[in-house]
Each structure stands twice: as structure tokens, then as C-alpha cells.
Amino acid sequence: MSLRRITTSPGFTAGFVGAAFLIQLTILRLVFSANQQQVYLLGKEFGSTCSFKQHFGLPCPTCGMTRSVILSLHGEIAQAWQVNPAGILLVLGIALFSVALLVLFLYQQLSVPTQSELLRSRIQTWALAYGVVLAITLISHWVVELVGY
């Protein structure tokens, strides 16, 4: 089977993207760690600072997302929630989206057109709803941070 035939097969893109996202989450989990104050890359302090906070003295809507995502990937949900609740949603959303894309890939490989189209439509609808929930969570967290600042 040639590479051209594989890459043009039905669902290849969905399967590839789904697998790539899951691999990226796994790599992040393996090479990064965090606590509520700091991120570590392979055990060494990873110096990242928020330029918005440096310039304006206020946290940005995504402040704490890196730490929250890494903490979520390590199962430290309570700590991740305290840093930025949107990080938990981001990890969960990427994982669920990846699995949905892999299922879509399987449906398309099995040549089930009506089921594939229905699943594709549902993925689009749920992705839009997820984006709205994520945005509301980010903005809500930011407002709470600004009020408490």
C-alpha cells in the first residue's frame, strides 16, 4: 500500500489529527511537571512569564493555563482548578475530541457513510458548544482574578 493511497483514504485526516493530539498530550505529560507556582521541563525550572502581566500588572485571561494543563495531565485536578479551571476543560476537551476523531476515522474506514456523516455533524456541534463553555470559563476565571487582585 502506497503512502499516497493511505493519505487519501477516507478519514485519514481525522485519524491522523486525533492520534497526533493524543500523542502530544502524552508527550506533555512525560516531559513536563508543575506545581501551583512553577512549571518544570524534564525536572528543570521552565522560565515562562506572562508578558501581559509584566506590562500591565494584571493577570491575563489565560494566566495559569500552562500550569493548570500540566497539573491536569498529572491528575492533580484540585490544584489545576485553583490555578485556572479552564486548563482542566482544555485537557478534557482535547482528549474527547481526539477520541471522537479516531472513532470517526474508524467509521469512515468501515464505509458507513450515514453514521460517519452523523458523527461528523455531532462532533462539529459539540466542538462549538465546548468552545463556548471554555470561553465562558476563561472569562469568568479572569473576572474573579481581577476582582480579587
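Leaving aside residues up to four places away in sequence, which residues does A14 touch? In this predicted model, A14 touches L101, L104, F105 and Q108. The report begins with the core around this residue and then turns to the helices, the sheet and the aromatic pairs.

## The nonpolar core

The largest nonpolar core holds 5 residues in all: A14, L101, L104, L119 and I123. Two elements, α6 (85-109) and α7 (113-148), give two or more residues each to this core. Two of the residues touched by A14 are L101 and L104, and both are listed among the members of the core.

## Helices α6 and α7

Helix α6 has 25 residues, which at 1.5 Å a residue should span 36 Å; the end C-alpha atoms of α6 are 37 Å apart, in agreement with this value. The buried residues of α6 are P85, A86, G87, I88, V91, G93, S98, L101 and L104. Their cover includes α2, α4, α5 and α7. After α6 comes S111, which has a positive phi near 55 degrees.

Helix α7 has 36 residues and reaches 52 Å from its first C-alpha to its last, close to the expected 52 Å. In α7, the residues S116, L119, I123, L134, T137, L138 and H141 are buried. The cover over the buried residues of α7 includes α4 (65-73), α5 (77-83) and α6. The two helices therefore appear in each other's cover: α7 is included for α6, and α6 is included for α7. A residue of α7 that illustrates this arrangement is Y130. With a relative accessible area of 26%, Y130 is partly exposed. Outside its neighbours within four places in sequence, Y130 is in contact with L89, L90, G93 and I94. The C-alpha atoms of Y130 and L89 are separated by 8.7 Å, although the two residues are 41 residues apart along the chain.

What does S72, in helix α4, contact beyond its neighbours within four places in sequence? S72 is in contact with I77, A80, G87, I88 and V91. Among these, G87, I88 and V91 are also listed as buried in α6. S72 itself has a relative accessible area of 10% and is buried, because the limit for a buried residue is under 20%.

## The sheet and the helices across it

The sheet is open and consists of 3 strands in the order β1-β2-β3, with antiparallel pairing. The strands β1 (32-34) and β3 (44-46) stand at the edges; each has a single partner strand, so one side of each has no neighbour in the sheet. From one strand to the next, the twist averages 40 degrees. In general, strands of a sheet pair through backbone hydrogen bonds.

Between β1 and β2 (residues 39-41) there are 3 bridges, and these strands run antiparallel. Within this pairing, F32 stands opposite L41 in β2.

Two helices lie across β1 and β2. Helix α2 (residues 12-31) runs at about 60 degrees to β1, whereas α4 runs at about 105 degrees to β1.

## Aromatic pairs

The structure holds 4 aromatic pairs. A pair of aromatic rings is described by the distance of the centres and the angle of the planes. Two of the pairs are set out below.

| Pair | Arrangement | Centre to centre | Angle between planes |
|---|---|---|---|
| F12 and F16 | stacked | 5.8 Å | 20 degrees |
| F32 and F46 | edge-to-face | 5.5 Å | 85 degrees |

F12 and F16 both lie in helix α2, 4 residues apart, which is about one turn of the helix. An α-helix has 3.6 residues a turn, so residues three or four places apart point the same way. Is F16 buried or exposed? F16 is exposed, with a relative accessible area of 52%, while F12 counts as partly exposed at 24% relative accessibility.

The pair of F32 and F46 links distant parts of the chain: F32 is in strand β1 and F46 in strand β3, 14 residues apart. F32 counts as buried at 16% relative accessibility, whereas F46 counts as partly exposed at 32%. The strands that hold these two rings, β1 and β3, are the ones that stand at the edges of the sheet.

How values were computed
Residues numbered from 1 in each chain as written. Predicted model: local features only at pLDDT ≥ 70, side-chain atom pairs only at ≥ 80, totals over all residues. Heavy atoms only, no water. Core = buried A, V, L, I, M, F, W, Y, C linked by side-chain atoms within 4.5 Å. Buried < 20%, exposed > 50% of the residue type's maximum accessible area, 1.4 Å probe, protein only. Contact = heavy atoms within 4.5 Å. Expected span 1.5 Å × (residues − 1). Pairing = 2+ DSSP bridges. Axes fitted to C-alpha atoms, helices over the stretch in contact; angles between N-to-C directions. Phe/Tyr/Trp six-rings, centres within 6.5 Å; stacked < 30°, edge-to-face > 60°.
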